[in-house]
Amino acid sequence: MNPISEKVKDIVEVLNYKSIKDFDSDPRETLSSYRFTDITSTMMGRWLDRISMVHARGSAAFALAGYRGVGKSHFLAVLGAIVSHTELRAAVADPHVAAGAQRLLRRHYPVIYVRRGTADTLLDEFAFAAKAAFPNKEFRFDGTIESILTFIDGAIGDMPAIILVDTAFERGVRVSRDDGAVLAKLAQATRERNIFVGLALDDDIAGADGVNVDISRTYEIDYLDHEHLYTVVNRYVFPKHANKQDVLHDVYEYFRRVLPNFRWSEQKFVSLYPLHPSILEVAPFIRLHVHDFALLGFASEAGQRVLGRPAMSLIALDEVFDKVEPSLRAIGDLTEAFAAYDKLNAEVVSKIPIIQRLQAKLILKALLLLSLDGRGASAAEIAESMLIFDEADPPKAIRTIEEIISKFNKALPDEIRQVSAEGREQKFGFRMTSKDELNVALDKAAAACPERVVGEVLVKLFLDRYPDATALTEDVNQRSVECIVKWRGSLRRGRISFMFEDQPGNKSSKNDPSIDWGLKVELFNNEESSLGGGSNHSAETLIWRPDVLSLSERDTLKRFFILTTDNAIRTQFSDQIHAPRQSHSVAAARILKRSFLDDGKLVISGYDFNFSDDARESQSLTELLSLMLETHFETKYPDHPEFGALMGASETNNLISGLYGGSETPGFEDLVQNFAVPLGLVRNVEGRFEPNSFEQLVQLPYIANLMKLVESSGNATIDLVKAGETLSSEPFGLVREAQRLALTALVSARKLDFVTSKGDRINRRSLDLRIIWDDIVGIARSVERSLTNDRVNEWASRIAVGETFKALSAKEDATRFRKSLEKWYGEWRRERIIDRFELLADEVFNTRIWRIGSAAAKTFNAYADVVSQTIEGDVNPEECVVRIAAIFSDSDEEYARRTSELETIRHFVKGSEIRSRILSYTSLAQYTSDPVIEALRIKTIEAAELCIGDPSEARNREAGLLFEKFRKDYGALFTTRHDEVIRSHHIQEKFALLQSGKDWGAYGALADASEARLPASFGFG
C-alpha cells in the first residue's frame, strides 16, 4: 500500500530546457543556454586562463574527455563564443568564468573550428577549417600540418589563434578512423607558436590507448564525468521544492523495498527525480546511433507530461524508447534487431494474457534498449529500469520477467540470447550477429588474461578518474603515484602505493624528505587475498581497501582491457567495436566507483572509515583525501599551526626574502600574517613585523627540539633530512615549507649555518640572496667569527659614543651601556629619519639616493631592532654588541661607510623639507620686477634643488640663509598699502607649516626670527 498522496508537481518544478543542435549558428544563444556547474565553471576558468597566457607563455593543448551526451561539444562551443566575441563576455553569469574572460585580451581571438567526420582525413578537415576562418587569405595546402600552421601564423599576426577540434554533429556515420597520431602531431607542431588547441575526445579516441596513446602525452586531459549531468538535471531541469525532501526520501525507500536490486543511491535518485537513473546510463549508447538525442531536452519535455501523475511515477525507459524508436529503426546495424522486435511483438506479446501484456511490452522495449551496449541485461536490471514489481512478493516480478523472456527465446532462439556462467548473473539480449562474433572473441581473449590484469586496469581507471595524481614514471600502470593533501594551510605530499598480490609493494617513502604520508591501496585478484581475508599492517599504516570484486566484475574489467589494448581485435572488428568499448568503459568506471568508493574503506590507525558523500563525489584525489584524512592529521599533529592560506614554495621564498633578506615583495604583509605569525617567528613592533630573537624563538617547542639535536651534534653537520624529521615529528608535523622558514629564522639569529653539497656555509649575511634549496644538504652550528673581549669593548665604545668599557658583563658597565642605548633609541624614535625618508615624494629621488636610503633602512632598522631587544631585556649587552658588529660584518670601514650614508640620508631628508618650504613660499610670492630680488629668488630655488641633488649640512645651511634673505628683501619692498597682500602670503605659509606638523629645526626658527625683524605692518599680527 502506498501512503504517499503527493503528485509530481508538488515535489518538483519542471524548467524548460532548450536543446541546441547547431552550436555555431548563434554564439549568443550557445552561451546563454549553457548551464555551468562547479565542475565546468572551474574547468572553463582554467582553460580561459591558459588562453590568456598563450601570448606570454606559448602554446597549450587541452582535451576534454567524457561519455557521449555529457556536454563536451557545448563546452567547446561556449569557449569559442567567449574568446571570439568580446561583446559576449559581459553576458557570462558565472563569476568564475567571467573573471577568466576578463583576463583575455580585449580583442576577438580567431577561432578555427575543425569538424571531424566531414572529410576523408583529419588533415583535410583541418585545412578546410583554416581556410574558412581566413577566407580572404591565400592558402596553399601541401598535405602537411606545417603548411596549415604556417598559413595560420601569417593570418593571425601577433594575435593568439584558437583551434577547436570536435566531432561534427551533422556527420552521417560514426567516425571510425584512428586520429590519435595526427592529433598528437598537431599538439606537438603548435609548440613554440601562438596557438591554443582544444580537443573533444569522442568515443573513438577517448581512451587514449593503443594507437591513440600519444594523445595522453601531448594534451592536458580534463574529464567531464557523466555524473556531472546529475547536477545539471537537479539544478536546471528538475529543481526540487525544499520542503518536500522527506517525501522524496519516502519515495526512494518505497522503490528500495519493492525493488530489492534498486542499485542507485538516494542522492542520485533525488537529484534526477522524476527521471529514472537508468536513462542516464543508456543515453550514451543511444547517442552512438542517434546523434541528435538530447537528454536534457527530453527530460524537460517528458517532465511536463508527468506533473499531474502520482509521486511514485517516474520517467522510465519506455518513454525513451518511444522517443527514439523511429531514429533507431533507421540505423542499418539495428535492422535485424527491430525485425525480431516486431515479430515478438506481433506473435508473442499479443498472445500473452492481457493482465501481463503491458509488462511484456515494457520488457521487450527494455530488452532492446539495454542490448545497445552489446552486453544485454539481467531480469533484475530490466525490473528496476522499467519499475516492474510486485509489492506483495518482490522476487515474483523477477521470475515473471524471466518467464516472459524465456517465451521470447523459445519463439526466436537465434535472435534472443541468454548468457550465463558460474558465479555470474544471467543476462538476456537481442542477438546482433556482428556483436556476437565480437563477444565470442572477447570471451576467448578474456579467459586467457591473467588475473593480474584486473589490478592493472583498476590502477589505470584510478589515474583516469583522478588526473591530479602524479605517476612516478610515464607507465600508466605504475604502482606508485604522488598526491597532495591540504590541511591547515599546509600542502602535505604523500605517496599512494598500489599493492599487487605478487609484489610486496614499493620501497618505503621514508628516504624521501618531501613525502609526508603514505597510503597503500590493496589491489586483489581473488577473494582470498582481498578484504575478506584482511592484511597485516601496523596500526599507523593508512590503507585503502576496495571491496571484493565479483566474478562478473572481473570479467568486465578483463574485456575492457582487451578492447583498449588488443590491436588485433580492434582491427578485426573496427566497425563494431565502438559501442562495446563505450559500454565496457562505463561499466569499468562504475566498478571502480563501487569497489573503491561506495563499498570501499579507508583504514586509519586500525579503524575502518567509509567514504563520505562529499569524498565520493570529489573530482580530484587531493579533495577526496583532504576530506578523509583531516581527522587523522588533527589527531596526529594537534600543535601544527593554522595557516591563513596555502603555503607553497613561492610563498616561502618570498617570505624569507622579505623577512630575512630585506627584499619585500607585493603582499609581504599578508605572507607574514598568514605564515610567520602562526609559526611564532615574528613579533609586532609599533605596527611593523620584526623577526624574533633567538631567545624568543627557542621558547617555541619545535625550535627547542631542533636545538637539542644541534647541541647534541656538537660542530658536526646535521643531515637536512634528519633535521626535517625532528620538525615534522609529532605533535608539530611541519611540512617542508614550514621547516625551511624555521631553519632560516635560526640562521638569521646566527645560531645555524646552512651547509651545501660542496661543503660551503651559508650564514645570515647571505640571506639577501635567493636560497637554492636543492643545493642545501644539511645544517650546522654557526661558525660566524666571535669577538674578543677587546673587540667587544671597542665596539661598545663605538656604539655608546663618549663611553668606554672594561667588561660589559660587569653590572656597572652594563648599566651605562643600556642607558646610552636608551638615549640613542629615544633620539632615533623622535627623529624617525627612515620613516620620513620613505614618506618623501618620488619626484625628489634619484637612483643614488634611493640605493643609499634602502641600504640605510635595512642596516639601521636591524640596528634599532637589536637595541630595542636589549633595552627590553631580551638580549644581554654582550650579545647586543656581537649582533651589531655582525650587522657591519665586524668591519670598521663598513661601520664608517654605513654611518656616513645615514648622515647623508639625514641631510637629504632635512634638505627635502627645506626645499619644499622654499618652493612653496617662492611660488606664493608674486613677481616684483626688481632684478635684485628676482635674481635672489632664482638663486634661492637653485640652492633648494642642491639640497637634494648634493645633500649636506652646508647645502642645507646655504639654502636656509638665502631663503632668510629672500624673505627679508621681498618683504621690505612693500609699503603699508600692500599689507593685505603680504599678510596673505605669510598666513598661507604659516597654515601650511602648522598643518604639516613637521619640525623644521634651526632653519624654521631662523626664518621666524627674520620675520620678526620685518616692519610691524608686514607681520602676522
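Two strands pair if DSSP finds at least two bridges between them. Strands (E, at least two residues) and helices (H or I, at least four) are DSSP runs, numbered from the N terminus. This is a predicted model: local features need pLDDT of at least 70, side-chain atom pairs count only at pLDDT 80 or more, and totals for chains, interfaces and linings use all residues. Residues are numbered from 1 along each chain as its sequence is written, and side-chain values use heavy atoms, with hydrogens and water left out.

**View 1. Strands S1 and S5 pair in parallel.** Strand S1 covers residues 60–65 and shares four bridges with S5. Ala-63 has Ile-221 of S5 as its bridge partner.

**View 2. Five strands make an open, parallel sheet.** The strand order is S2-S3-S4-S1-S5. S2 (111–116) and S5 (220–223) are the edge strands, each pairing on one side only. From one strand to the next, the twist averages 20 degrees.

**View 3. Strand S3 is covered on both faces.** In a regular strand the side chains alternate between the two faces of the sheet. Ala-161, Ile-163, Val-165 and Thr-167 lie on one side of S3. Ile-162, Leu-164 and Asp-166 lie on the other. All of these residues are buried, meaning under 20% relative accessible area (1.4 Å probe, protein chains only).

**View 4. S3 pairs with S2 and with S4.** Six bridges join S2 to S3 in the parallel sense. Tyr-113 has Leu-164 of S3 as its bridge partner. S3 and S4 also run parallel, over five bridges. Here Ile-162 stands opposite Phe-196 of S4.

**View 5. Helix H8 lies across three strands.** H8 (residues 145–156) crosses S2, S3 (161–167) and S4 (195–201). Its direction is at about 135 degrees to S3. Axes are lines fitted to C-alpha atoms, for helices over the stretch in contact (heavy atoms within 4.5 Å). Angles run from 0 to 180 degrees between N-to-C directions.

**View 6. Phe-255 sits in the largest nonpolar core.** A nonpolar core is a set of buried Ala, Val, Leu, Ile, Met, Phe, Trp, Tyr and Cys residues joined through side-chain atoms within 4.5 Å. This one has 124 residues. Phe-255, Tyr-273, Phe-408 and Phe-430 touch the most other members. Helix H18 (residues 354–369) gives the most to this core, with eight residues. Not counting residues up to four places away in sequence, Phe-255 touches Phe-262, Phe-269, Met-312, Leu-314, Leu-387 and Phe-389.

How values were computed: Buried means under 20% relative accessible area, exposed over 50%, partly exposed in between (1.4 Å probe, protein chains only).
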